Amino acid sequence: MEENNSQKPIGNTNDSQKVSTTEIRGAFAKIKQFLLELLDIRQDTDRDSTIEAVKKDITFKGHNAWILIFSIFVASIGLNVSSTAVVIGAMLISPLMGPIVGMGLSVAINDVDTLRRSLINLGIMVVLSVGTAWLYFLISPLTGSNAELEARTYPTILDVLVAIFGGLALIVAKTKKGTIASVIFGVAIATALMPPLCTVGFGLARGDWSDALGALYLFSINATFIALSTFVVAKLLRFPLVKYANSQRRRLIARIASAIAIIVMVPSIWLFYNMLKESYFKQDAVKFYENELVSYKDSYVQRNSLITTYNGGNDPKIEVSFIGKEIPNSVINLWKEKMKNYPNLQNTSLVILQNENTESYDQLMYMREIKQRDSIMMLNKDEKIAFLEQELGKLQVYKKNEIPFQSISREAKINYEEIESFAFAQKIVSNYKSIDTIPEFQVKWNDSISEAEKIKQTARLNKWLKYKLDADTLVLDSN
């Protein structure tokens, strides 16, 4: 009896374990089924209607061409006056997505004729957009750059991510039975294809090839990843391949489509990888700057002085400007060692820009004041009064306008390598009630940089001089 009683709990335990395992498997099966039903889009995909709709949106002529021209004018005006709302409105009415989606879909289904039409219409779209923007900025009275325009001159990792997920959302919305129009409008805003093309026209109108090429690069990145997203989704949804009567032609078209897909995908993946590395590099550079450099006590970091240069991972640099006492080489070497603790700053050069030691300059000023005091003691009363009045006027000018020009000019050359010559003089201004002295600088830039870059660098130099000299008013002329 005892043996039978001892065996019963064992049998019950095995049964309960079997029941528990069965319940767990059933629960996982239900969760899997739920997720498949939630995320599966194949059942609600209308492949034939999607292909027809994409082909219909490729062509740029008639109404589409005029809508594009007018929307480009609206976007250019919005960028010119730095109005985000106007730019968004222009993106809502522009028909830019058609040829780009057509390229991705045609490669996925081996449709060479559609691919040819897409490429031709994409070229027409780009030329029409850039030409319209160039014409506007050529005749516009508002020719200055602003934050809206400058933000479209260089792609970042965020632009790539927006293009990827925006392109995925767009093609998924197009494949659904009864296209979701709100998604298409949202993608048109998020991917922002139009502002870079307007910025290309702006750069060409001003003769600034750097901004024009940077904006064209940004547009190319967005277009490439939207087309790539379309290609991937079309392949996953198994869109039917175009059938050719000649089997040899079919194989040739398939090879061409595969080659085009590889040519587009490999550089895109490489580009995405490099941008991701650059993003991580900048994040670690900011952490290093805040954790190690800002906390240094004997000198002070100049505001907004952190400059990072990635150079595609080839000799990346971090430049920081300090004011105050000269920083010893031992401290700089210690900072360079600490950089190795940041995984994305390996092999990065650290450049510390700092003022010269000002102790000798202060001693010279002190000796000059003693000499002036001794010379006063040898004068009679009237001469002393006249001399003191004269020196008082000089002292007011000195206190406000005495400038260590040699140190300033050297540091300006370090921060702005394009400076060819740098001059300084005191400008005396009178309104017949009082006399004031204003520091006046004159800078000559190297002829190799564009006029737009000269304007930009002059504005930055002006701000830097005011901060450096703690002056509210100064004059800076640029040649």
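**Salt bridges**

I began with the salt bridges of this predicted model, and by the rule of a Lys or Arg side-chain nitrogen within 4 Å of an Asp or Glu carboxyl oxygen the count came to eight.

I then looked up Asp111, and found that it forms a salt bridge with Lys55, with 3.3 Å between the closest N and O atoms. Asp111 sits in the loop between α5 (97-108) and α6 (112-139), while Lys55 belongs to helix α2 (residues 47-56), so this pair ties together parts that are 56 residues apart in sequence. I also checked how accessible the two partners are: Asp111 counts as buried at 7% relative accessibility, whereas Lys55, with a relative accessible area of 29%, is partly exposed.

My next entry concerns Lys468 and Glu411, whose side chains meet in a salt bridge with an N to O distance of 3.0 Å. Lys468 is part of helix α17 (residues 451-469) and Glu411 is part of helix α16 (residues 405-415), so here the bridge ties together parts that are 57 residues apart in sequence. Is Lys468 buried or exposed? I noted 18% relative accessibility for Lys468, and because the limit for buried is under 20%, Lys468 counts as buried. For Glu411 I noted a relative accessible area of 4%, and this residue is buried as well.

I also recorded the salt bridge between the side chains of Lys340 and Glu337, at 3.4 Å from N to O. Glu337 counts as partly exposed, at 46% relative accessibility.

**Ser76**

I turned to Ser76, which I located in helix α3 (residues 63-80). Its relative accessible area is 0%, and Ser76 is therefore buried. Which residues is Ser76 in contact with, leaving aside its neighbours within four places in sequence? I found Ala133, Tyr136, Phe137 and Cys198. Of these partners I could place Ala133, Tyr136 and Phe137 in helix α6 by its residue range, 112-139.

**Strands β3 and β4**

Last, I followed strand β3 (residues 317-324) and strand β4 (residues 349-354), which pair in the parallel sense over six bridges. As one example of the pairing, I looked up Val320 and found that its bridge partner in β4 is Ile352. I kept in mind that in a regular strand the side chains alternate between the two faces of the sheet.

What do β3, helix α13 and β4 make together? I noted that these elements, with helix α13 spanning residues 329-339, make a right-handed β-α-β unit. Glu337, the partner of Lys340 in the salt bridge entered above, falls within the residue range of helix α13.

Technical notes
Residues are numbered from 1 along each chain as its sequence is written. This is a predicted model: local features need pLDDT of at least 70, side-chain atom pairs count only at pLDDT 80 or more; totals for chains, interfaces and linings use all residues. Side-chain values use heavy atoms; hydrogens and water are left out. Helices (H or I, at least four residues) and strands (E, at least two) are DSSP runs, numbered from the N terminus. Buried means under 20% relative accessible area, exposed over 50%, partly exposed in between (1.4 Å probe, protein chains only). Contact means heavy atoms within 4.5 Å. Two strands pair if DSSP finds at least two bridges between them. A crossover is right-handed if, with the strands pointing away from the viewer, the path from the first strand over the helix to the second runs clockwise.
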